[in-house]
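This briefing covers strand pairing, burial and salt bridges, in that order. Please look over the sequence and the structure before reading on.

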Amino acid sequence: MKVAAIIVTHDREPDVVRRALQSVMDQRYPLDDIILIDNGVQCNSDIKNWIDGNNLRIRYLYTPELSGPEARNHGASLTDCEAICFLDDDDEWYPNKVHDQIQLLTDDVCLVTSPFILELPGNGSRESIPE
């Protein structure tokens, strides 16, 4: 099954976006399409240069006129993949996330969600949010 990842970023620190993108590129299940939609006030040239300078197979689009939901929908419209995964620009995926979720898709299942772990800055505490 062909899988795409859509990430929308809005004026986020470059290191945070790089971590999110790296977690997508490190997936055990190979992704066919990775699209980063930047709808920030200014183009995140640090991220664009990082993508271009490392020959990464990430499509970067700067669309400041789009809201967050519009940017996600626009990214989804640009791919022909059968499955689309959305990632917030300040989140990261575990390496098996896409693999495990794709295994759950069947003719009767068209949407798969997952729990998440909230890491609180400063004190290092983690809270697991159940399914």
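In what sense do S1 and S2 pair, and over how many bridges? They pair in the parallel sense, over 6 bridges. This is a predicted model, in which local features need pLDDT of at least 70 and side-chain atom pairs count only at pLDDT 80 or more, while totals for chains, interfaces and linings use all residues. Residues are numbered from 1 along each chain as its sequence is written, and side-chain values use heavy atoms, with hydrogens and water left out.

**Strands and crossovers**

- Helices (H or I, at least four residues) and strands (E, at least two) are DSSP runs, numbered from the N terminus, and two strands pair if DSSP finds at least two bridges between them.
- Across the pairing with S1, Ile-37 in S2 has Val-8 opposite.
- From S1 the chain passes through H1 to S2, a right-handed β-α-β crossover (with the strands pointing away from the viewer, the path from the first strand over the helix to the second runs clockwise).
- S2 also pairs with S3 in the parallel sense, over 4 bridges, and there Leu-36 has Tyr-60 in S3 as its bridge partner.
- The route from S2 to S3 runs through helix H2 (residues 45–53), and this β-α-β crossover is right-handed.

**Burial of S2**

- In S2, 6 of 6 residues are buried (buried means under 20% relative accessible area, exposed over 50%, partly exposed in between, with a 1.4 Å probe and protein chains only).
- In a regular strand the side chains alternate between the two faces of the sheet.
- Both faces of S2 are covered, with Asp-33, Ile-35 and Ile-37 buried on one side and Ile-34, Leu-36 and Asp-38 buried on the other.

**Salt bridges**

- The count is 8 salt bridges, each a side-chain nitrogen of Lys or Arg within 4 Å of a carboxyl oxygen of Asp or Glu.
- One of them joins Asp-33 to Arg-59 at 2.5 Å, N to O.
- Asp-33 is in strand S2 and Arg-59 in strand S3, so this pair ties together parts 26 residues apart in sequence.
- Asp-33 is buried at 11% relative accessibility, whereas Arg-59 is partly exposed at 35%.
- Arg-12, Asp-89 and Asp-90 are joined into one network by salt bridges that share partners.
- Between Arg-12 and Asp-89 the closest N and O atoms are 3.1 Å apart.
- This pair links the loop between S1 and H1 with the loop between S4 and H4, 77 residues apart.
- Arg-12 is partly exposed at 32% relative accessibility, while Asp-89 is buried at 5%.
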